[in-house]
Amino acid sequence: MNKHIAVIPGDGIGPEIIKQALAVLDAVAAIYGHSFCCTEVDMGGCAIDAWGDPLPQEMLDKCLAADSVLLGAVGGEKWNHMPSDKRPEKGLLRLRAGMGVYSNNRPAKIWPQLASASPLKKSIVDKGIDFIIVRELIGGIYFGDHKTEVADGQKKATDILSYTEAEIERIGRIGFETARKRRGLLCSVEKSNVLDSSRLWKSVMHRLAAEYPDVTLVDMLVDNCAMQIVKNPAQFDVIVTENMFGDILSDEASMITGSIGMIPSSSLGATDCGLYEPIHGSAPDIAGTDTANPIGTILSAAMMLRYSFNMAEEAEAIENAVSAALDEGYRTADIMPSDEQEAATCKKVGCSEMGRQIINKLKR
């Protein structure tokens, strides 16, 4: 099978982790007889430096012409002084909107080999952590009007949070369909005791629930959900929520699994063309040191194979190779055990060596 991938290395550690993910994809192509043609795309700070724009139209067009998009990370302190419409993150928002990817799916799963890395008590971790956060991606407060003005002699900033029924329904259906394929439990997270947008969200979710009698729907306020994720994460199967709440909760969820460097994500819309990226940032402080963890990016590539290319066997092979490398004790700095006795059984490696070990364990 031949597939065209738009590759966005981005900023900071982005090029390093993308290099390892592409090496894994090359190995998969060789084993399974596929061909992955990759087109490099500038986005983020590097695009600002080269083009004066975080995502020039020419670069967006390259993404739209591809079968899927694989992203490293964008941003960094170097560009923090830029005006809001020229910051690296604006390119990412423009890419999501241009691709029409409205559903961001972030798994929070603890690998058994890394159980001790979780900041939670062992008694909590032993109950299991395996859930997915389905986050609405191109609506809400991030995409509403933003303005700063002078009122009564002082600056006043306003950000608009709005959702339509249609926007809520389409992400709600993704939540229900995802739960249907898992353990059949969907938690809808909002702030309906305060926000009108959340009251509409809740009403739409309950209307949809009638179409999914095999899925149990529960409501939870976002502040309670934040507490429950650290108190009893085993209760969750699928969480569906709006853009800003999902942004915050998914970062919290990633940390209870031991390392943000292990978590992939997919962003999907009405077509098979998706956007795949690790959930961590560009980490400019360690860029170029070969210490970044490439696993989140490699697992994002596996998600791309599964959800955009219908290559479930190949995706599972990558996931099994990651597990095998962890079984043999290979660890990047972020997932090295803090306990000296446990650390003595592990092998600390850099970004490129972790990629090589995963490739060595790929099997058909």
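**Exercise 1. In this predicted model, find how much space lies in the largest pocket and which elements supply its lining.**

Solution. Begin with the volume: the largest pocket of this predicted model holds about 850 Å³ of space. Next, turn to the residues around that space, of which there are 28 in the lining, and note that Pro107, Ile132, Met303, Arg306 and Tyr307 are the closest to the centre of the pocket. Finally, assign the lining to elements: at least two residues each come from strand 4 (103–109), strand 5 (130–136), helix 6 (165–181), strand 11 (264–268), helix 10 and helix 11.

**Exercise 2. Determine how many cavities of 30 Å³ or more the structure holds, and describe the lining of the largest cavity.**

Solution. The count comes first, and it gives one cavity of 30 Å³ or more. The space in the largest cavity is about 50 Å³. Around it stand Leu161, Tyr163, Val189, Glu190, Leu195, Ser197, Ser198, Trp201, Glu242 and Phe245. As a last step, sort the lining by element: strand 8 (185–190) and helix 7 (196–209) each supply at least two of these residues, and helix 7, with three residues, has the largest share.

**Exercise 3. Trace the chain from strand 1 to strand 2 and state the sense in which the two strands pair.**

Solution. Locate strand 1 at residues 2–10 and strand 2 at residues 35–40, and then read their pairing, which is parallel and runs over six bridges. Between the two strands the chain passes through helix 1 (residues 14–32), and the resulting β-α-β crossover is right-handed. For a single point of reference within the pair, take alanine 6, which stands opposite threonine 39 in strand 2.

**Exercise 4. Identify the residues that touch the most other members of the largest nonpolar core, and follow one of them to its contacts.**

Solution. The largest nonpolar core has 42 residues, among which Phe36, Leu305 and Ile358 touch the most other members. Two or more residues of this core are given by each of strand 1, helix 1, helix 10 (295–307), helix 11 (312–327) and helix 13 (351–360). Now follow phenylalanine 36: apart from its neighbours within four places in sequence, it is in contact with Lys3, Ile5, Leu25, Val28, Ala29, Leu305, Phe309 and Met311. To complete the picture, add a second, separate core of 38 residues, including Ile8, Ile138, Val204 and Met205.

**Exercise 5. Decide whether glutamate 16, serine 352 and histidine 280 are buried or exposed, and list their contacts beyond four places in sequence.**

Solution. The cut-off needed here is that a residue is buried under 20% relative accessible area.

- Glutamate 16, placed in helix 1, counts as buried because its relative accessibility is 18%. Its contacts beyond four places in sequence are Ile286, Ala287, Gly288, Thr289, Asp290 and Cys351.
- Serine 352 lies in helix 13 and counts as buried because its relative accessibility is 19%. Beyond four places in sequence, serine 352 is in contact with Gln20 and Asp290.
- Histidine 280, found in the loop between strand 12 (275–278) and helix 10, is buried because its relative accessible area is 11%. Its contacts beyond four places in sequence are Ile13, Ile17, Ala73, Ile260, Gly261, Asn293 and Thr297, while the C-alpha atoms of histidine 280 and methionine 262, 18 residues apart along the chain, are separated by 8.8 Å.

Notes. Residues are numbered from 1 along each chain as its sequence is written. This is a predicted model: local features need pLDDT of at least 70, side-chain atom pairs count only at pLDDT 80 or more; totals for chains, interfaces and linings use all residues. Side-chain values use heavy atoms; hydrogens and water are left out. Two strands pair if DSSP finds at least two bridges between them. Helices (H or I, at least four residues) and strands (E, at least two) are DSSP runs, numbered from the N terminus. A crossover is right-handed if, with the strands pointing away from the viewer, the path from the first strand over the helix to the second runs clockwise. A nonpolar core is a set of buried Ala, Val, Leu, Ile, Met, Phe, Trp, Tyr and Cys residues joined through side-chain atoms within 4.5 Å. Buried means under 20% relative accessible area, exposed over 50%, partly exposed in between (1.4 Å probe, protein chains only). Contact means heavy atoms within 4.5 Å. On a 1 Å grid over the protein atoms alone, a cavity is a set of points where a 1.4 Å probe fits but cannot get out, and a pocket is an open set with protein on both sides within 12 Å along at least five of seven lines; lining residues have an atom within 4 Å of a point. Grid points are joined across faces, edges and corners, and a volume is the space filled by probe spheres set on the points.
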